[in-house]
Amino acid sequence: MFSGSSAGFNRALEKATSQLLLEPDWDSTMQICDIIRQGDVQPKYAVVAMKRKISAENPHVEIYALQVLESCVKNCGSLIHEEIATKEFMEFLKDLLKIRPDTVKNKILELIQVWSHAFRNEPSYKVVQDTYNLMKLEGHTFPTLKEADAMFLAEKAPEWKEGDCCNRCRTKFGMVNRQHHCRNCGEVFCGKCSAKSSIIPKFGIEKEVRVCDSCFDILNKADAA
Ligand SMILES: O=P(O)(O)O[C@@H]1[C@H](O)[C@H](OP(=O)(O)O)[C@@H](O)[C@H](O)[C@H]1O
């Protein structure tokens with residue numbers, strides 16, 4: 001059931017973590033987030049594949065893989081949170097800290113710190129905060145929280161809602177009238193009511209993604225004024 005889409009996921013992950021990249025491949029990164037959110041690939045499968053890249057023994061590949069994981073945590077909600085907020089995953093990252101170069105170490109410390117703050121009110125993800133506190137006691141020095149991450153701590157991408165008709169014009173979905181999701185509000189829309197796209201800086205989405213008409217107006221009201 002996931003075979004076709006896991007091929008798409010694997011292709012996008014290869015592109016987003018290529019050692020030839022000179023900067024993040026946001027298109028492939030956002031494609032990975034979409035594939036996960038649409039349920040086209042199991043979150044567990046996705047995280048195992050990202051773990052392989054994070055421990056690829058090539059610092060460039062590892063940094064890009066950590067950035068892909070960072071985007072998935074920001075944009076795929078509990079699907080991914082449940083996979084990384086575990087003792088096993090935290091131990092995986094801590095073990096990497098011991099053997100990886102500073103660039104990779106600093107990215108890992110940055111992520112554990114951001115996630116610890118982001119999950120501060122989520123009891124089921126307490127292991128992240130416990131790991132962060134333990135590492136501070138062990139003497140790890142964490143980087144200062146980046147502005148963008150501080151924004152992320154306030155705003156998390158909404159879970160995608162389900163529905164049998166467009167949230168805006170109420171037309172029913174079917175073989176012809178396909179459903180789509182707005183990446184800003186997470187609601188479900190027909191193609192006509194979600195034909196526009198926009199970046200969503202508060203979710204760390206730096207490339208244009210599908211949004212509904214009303215979210216487009218909200219996100220771009222400064223330009224519209
Ligand atoms: O076209 P379909 O086979 O119905 O698949 C839909 C597309 O993948 C939509 O992606 P999009 O929002 O990027 O269009 C997604 O939002 C829907 O949940 C899926 O049902």
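Guide: A polar contact is a pair of N or O atoms within 3.5 Å. The model discussed here is predicted.

Visitor: What makes the pair formed by the ligand and the side chain of Q38 a polar contact?

Guide: An oxygen atom of the ligand lies 3.3 Å from an N or O atom in the side chain of Q38. The cut-off is 3.5 Å, so this pair counts as a polar contact.

Visitor: How do you know that the side chains of R178 and R210 make polar contacts with the ligand?

Guide: For R178, the distance from a side-chain N or O atom to an oxygen atom of the ligand is 2.8 Å. For R210, the corresponding distance is 3.1 Å. Both values fall within 3.5 Å, and therefore both pairs qualify. On its own the ligand has 440 Å² of accessible area, of which the protein covers 67%.

Visitor: Which residues surround the ligand, and what makes them count as near?

Guide: The ligand is surrounded by Q38, W160, R178, Q179, H180, H181, R183 and R210. Each is counted because one of its heavy atoms lies within 4 Å of the ligand. By class, this shell has one nonpolar, four polar and three charged residues.

Visitor: Why is the ligand said to sit in the second largest pocket?

Guide: The space that the ligand takes is the second largest pocket. That assignment is made because more than half of the ligand atoms lie within 2 Å of the grid points of the pocket. The pocket holds about 180 Å³ of space, and its lining consists of R37, Q38, W160, E162, Q179, H180, H181, R183 and R210. One of these lining residues is nonpolar, four are polar and four are charged.

Visitor: Why is the space lined by A16, P24, D25, W26, T29, Y64, Q67 and V68 called a cavity?

Guide: This space is called a cavity because a 1.4 Å probe fits there but cannot get out. The largest cavity contains about 40 Å³ of space; with a threshold of 30 Å³ or more, the count comes to one cavity. Two elements, α2 (26–37) and α4 (59–75), each give two or more residues to its lining. The most comes from α4, with three residues.

Visitor: How do the lining residues of the largest cavity divide by class?

Guide: Five are nonpolar, two are polar and one is charged.

Note on methods
Residues are numbered from 1 along each chain as its sequence is written. This is a predicted model: local features need pLDDT of at least 70, side-chain atom pairs count only at pLDDT 80 or more; totals for chains, interfaces and linings use all residues. Side-chain values use heavy atoms; hydrogens and water are left out. On a 1 Å grid over the protein atoms alone, a cavity is a set of points where a 1.4 Å probe fits but cannot get out, and a pocket is an open set with protein on both sides within 12 Å along at least five of seven lines; lining residues have an atom within 4 Å of a point. Grid points are joined across faces, edges and corners, and a volume is the space filled by probe spheres set on the points. Ala, Val, Leu, Ile, Met, Phe, Trp, Tyr, Cys and Pro count as nonpolar, Asp, Glu, Lys and Arg as charged, and the others, Gly among them, as polar. A polar contact is a pair of N or O atoms within 3.5 Å; within protein, one must be able to donate a hydrogen and the other to accept it, and residues adjacent in sequence count only if both atoms are side-chain atoms. Accessible areas come from the Shrake-Rupley method with a 1.4 Å probe; for residues, only the protein chains shown count as cover. Helices (H or I, at least four residues) and strands (E, at least two) are DSSP runs, numbered from the N terminus.
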